[in-house]
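Good morning, and thank you for making time for this presentation. Please have the sequence and the structure open as I go through the model.

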Amino acid sequence: MFYFDKHPNQFRLLFGILASYLFVVAAINFYRFSSSPTDENLFTNPPTDLYITKNFPAAQETKNDGSRSSDSVHVGDVLLSIDRHKVETKEDVDSLIALSTASTVTLEVRQLEMRKNYKVLVSKASVPNEFVRTLGPTAYVVNVTQGGASDRAGMKVGDLIIRINGERFKNANDADRVMRQAQVGKSIAYEVIRNNETLTLHVTLATFGIQIGILIFILAGVVYMGTGVFIGLSRPRFIAARIGSLSFIALGFFIMTLLNRRDLTQDVFAVIRNGTLILSVFFAISFTLHSGMYFPKERPELIAKRWIRIVPYGAAIVFTILTIITNNVGFFAGLIFLIGYTVVIQILYRKQASDEYKKLNRPGRLTGMFVGVTASALGIYITATQSPQLLWVFGILLTLIPAAQFYTIGRYRLLDLDLRVRRNIQYVIVSLLWLLVLIVVALKVLLVMPETYLPLPNIRLTATSIEVLDAPLDPATQKLAEKVVLMFLAIGLAVIAWKVGKKVQQFIDKKFYRAQYDYRRAASELAEVMATKLTMADLGRGMVEKLTELIQLKRAGVLFFRGQKECCCQEAQGFDGADWKNYCLTTGDDLVKAIQQFQGEFSVDYLPAGIKEQFRKNEFLYIVPIRSKDILVGAILVGEKLSEATYQHEDLEFLAAVAKQASVAIENAFLYEELAEQERMKHELAIARRIQMASLPQRTPTIDGLDIAGTSIPALEVGGDYFDYLNGEERKLTVIVGDVSGKGTSAALYMSKVQGILRSLHAFGLSPRDLFIRTNKLLWNDIEKKSFVTVIGGFFDAAQRKLILARAGHLPLYYYNAKSRSVETIIPKGLGLGLEVEGLFSSELEERLISYNPNDVFVFISDGITEAQKSDGAQFGEENLMKQLDMHSHQSAEQIRDKIITAVTNFVGGNEQHDDQTIVVVKVV
């Protein structure tokens, strides 16, 4: 079956051939059945051959309906049992009455004419001799078509046919065969027993005849086949549709041919039809079970078990062969097995079905249960009462199954089918029906009123008085009075009808969303929304919700455009707009340009092809541009109305007025958003500054032999400079100073990342060089190629009085040598982090070992110190830095740090700080 997923037209061809074959066979069978000779009655085998020939009373009779009668047993009834013992022969009757020791016996009798069984309690003494006789083979008439051939001949329900054209028969089927051997249009003689008398009725066989119940049953089969053909041909690419359609046409054929088979001989057609009938019912059950694995939703737990679907198909083939060999035994055995197998599978796996499957399957399941229970009860009733004319109820019940199928498909839009009747068409139909009801009632009243007797009082009106007379008025005056009263009564009824008609029509309008809305109230409510919603999102959402409510739309939306270049906000209601939102926010200025060319409201059909497709996909019909001083700031989008009626001119005018109101609100929303964004950024940057400052060392480590002081001053709220103290062992310390290219938020984020990497790697006890190599390896794939990080690190071993220094593209280390009283720069080779791959970076990275003495001073800085500028562009420079270091080398590390920062501040004066300033001073003590 999966082959047809990619070849749906081949399935259409094969399915069309199969459906045509089944329909043609069913149609030929219907023609043969309906055009064969018919006496237009239904007869069956009587429940017994014991015919009551005498009336006799009973002490008590209780009918099925609980009523009682004294005249109990009637001529023409048949005897079923005596004292609950079934009787079949006259000898049985005589024996049971004779053997009864009680004075009374209970007789169960069937009243043929009423088709009812009842029990009577009679005295043995009142039972007449020879009150029953054995009739032999007869046909019991259970239904006579009103106005049909048998009815015209005088046949009645309850008649027992004993001969047809003088020929006896074995049973009702044999009687039907004898009847059909007669010629159409010619009279045949029926000998019937009625009230213990033999009558001869001459029935002229009809050329064409069929019982209404059977006809409705056949029409139910046509509905099934039509359902299968529609689903199979319209959606062949779905396996659920393919198997379901096969199930429906097979069931439809079975229903159409089951009850209308009249074959005098087993000709070729009868053999083909019967074989097809057997196959259709067995495979219909198999297809039904199989289709339940895919419809209304796939059930993987059943699909994975191939044996579940293989067993019924194999059984269908086996039982078809058995039916051909054993006739009814194999047929009923096959039905019991397949139906039982289907029920067992459903019960065993019902708990494994998903909640969604249970929800989608609920209409079909409840309908199937209702049809099954009702049909079973009806079948028992028809069998018990022998009322085959109720077959039409079976036909109506059966049509509920395809109706439930269509409801499920339409309700949940399954198989990509939209079966829903549009609401505007529903509105027209309901309104026309209500108008038709009013017209029919009005015509009925007009016809009845002239014939209505009005018992008017004998009142005579004159110009001066009103008289009540004892004698009746003369006919002319009475007639005039009646006309006047009828005229006023007609006017009153017309007013009442108009009021009722108007109220009902208003109710219909409300139910179908046709009630007119108040434009003034709508404009006032929208103005209130626009005045109270400050943010763009709130404004858009409020406008959409109010428009949807006021105009009663299925869906609506708004777009806001910033600078006529981009869609900065979109809101929609009536559907899951995730894809739509993504489209609006990523389309760019193409959407703006497409809408900008229109001045007033317009249909989406005028948009460029690609954009139009998106709007149509999301079911928007009209766009109303929103302009503020000829600048496009937004657009209102509206979809179909809930009423599904077309948009009128006043609807579009109202939307245009809403667009004018919205322009000011949108401009205010833009201003509010800008102010809110500025405040938000200021607040977030303040938080970021606190976080960044908190990430820097909050406490200076105490290392014997070293005096340490450091600080970092960002140029903006946050910066890209940092310093850190990595202290893992006693009297050992690694000082890190780094600078990320650029400044501001992005630099601060990279700084935080580098700081985290260095702190993590330091736990492995790495030297500054190895620390930088591993950091570069981790940073290389993550940092933007236009960015880099410079860093300098010094590992102090206070016990050995040694410094291991590595520099990755950073400024040099400034070293004050106390012995020589001079300041020098130490510049090991090295590239910035993130500039080169691992090999080149590590080969260029140099590490220096420096021995130091008491009072030596080391200064780590970022370029914000040396490059600090005056207003004329002059920089603080290394010379000033080294001079400050030489001047204050005798002071503590903290004082040296503060003196340098003060010197830089005094140098730049009131000029704005352009770069982050970081300094760490380490003095040997």
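I begin with Asn-165, which sits in the loop between strand E10 (160-164) and helix H5 (172-180). Helices here are DSSP runs of H or I with at least four residues, strands are runs of E with at least two, and both are numbered from the N terminus. Before going further, I should say that this is a predicted model, in which local features need pLDDT of at least 70 and side-chain atom pairs count only at pLDDT 80 or more, while totals for chains, interfaces and linings use all residues. Residues are numbered from 1 along each chain as its sequence is written, and side-chain values use heavy atoms, with hydrogens and water left out.

Asn-165 is not a glycine, yet its phi is positive, at about 55°. With a relative accessibility of 46%, Asn-165 counts as partly exposed; on this scale buried means under 20% relative accessible area, exposed means over 50%, and partly exposed lies in between, using a 1.4 Å probe and protein chains only. Arg-731, also not a glycine, has a positive phi of about 60°. Arg-731 belongs to the loop between strand E21 (721-726) and E22, and at 31% relative accessibility it counts as partly exposed.

Strand E22 covers residues 732-740 and contains Asp-739. Is Asp-739 buried or exposed? Asp-739 is buried, its relative accessible area being 8%. Beyond its neighbours within four places in sequence, Asp-739 is in contact (heavy atoms within 4.5 Å) with Gly-720, Asp-721, Phe-788, Val-789, Thr-790, His-810, Ser-862 and Asp-863.

A buried lysine deserves mention next. Lys-546 lies in helix H18 (residues 536-551) and is buried, with a relative accessible area of 17%. Not counting residues up to four places away in sequence, Lys-546 touches Glu-525, Leu-526 and Val-529. Between Lys-546 and Glu-525, which are 21 residues apart along the chain, the C-alpha separation is 7.8 Å.

I turn now to helix packing. How do H6 and H7 cross? The axes of helix H6 (residues 212-234) and helix H7 (residues 239-258) come within 7 Å and cross at roughly 160°. Axes are lines fitted to C-alpha atoms, for helices over the stretch in contact, and angles run from 0 to 180 degrees between N-to-C directions. H6 and H7 are therefore roughly antiparallel; angles over 145 degrees earn that label, those under 35 count as roughly parallel, 65 to 115 as roughly perpendicular, and the rest as oblique. The crossing of H6 and H7 is left-handed, a term used when the near helix is turned anticlockwise from the far one by less than a right angle, with clockwise giving right-handed. Among the residues that meet are Phe-217, Tyr-224 and Ile-231 in H6, and Ala-241, Phe-248 and Ile-255 in H7. By class, the contact of H6 with H7 has 16 nonpolar, six polar and no charged residues. Here Ala, Val, Leu, Ile, Met, Phe, Trp, Tyr, Cys and Pro count as nonpolar, Asp, Glu, Lys and Arg as charged, and the others, Gly among them, as polar.

Helix H10 (residues 306-326) and helix H11 (residues 328-348) pack at about 165°, their axes 7 Å apart. H10 and H11 are therefore roughly antiparallel as well, and their crossing is left-handed. The contact includes Trp-307, Val-311 and Phe-319 of H10, together with Phe-331, Phe-337 and Tyr-341 of H11. Its residues divide into 14 nonpolar, five polar and no charged.

Next, the nonpolar cores. A nonpolar core is a set of buried Ala, Val, Leu, Ile, Met, Phe, Trp, Tyr and Cys residues joined through side-chain atoms within 4.5 Å. The largest has 64 residues, and those with the most contacts inside it are Ile-249, Phe-282, Tyr-294, Ile-308, Phe-331, Phe-394 and Leu-415. H7 supplies the largest share of this core, eleven residues. Apart from it lies another core, of 48 residues, including Val-735, Leu-805, Tyr-815 and Val-920.

Leu-415 is in contact with Ile-231, Arg-235, Phe-238, Ala-240, Ala-241, Phe-295 and Ile-409, leaving aside neighbours within four places in sequence. Phe-295 is joined to Pro-296 by a cis peptide bond, with omega about 0°. Pro-296 lies in the loop between helix H8 (268-291) and helix H9 (300-303).

I close with Asn-260, in the loop between H7 and H8. At 0% relative accessibility, Asn-260 counts as buried. Outside its neighbours within four places in sequence, Asn-260 is in contact with Asn-29, Phe-30, Phe-33, Ile-214 and Ile-218.
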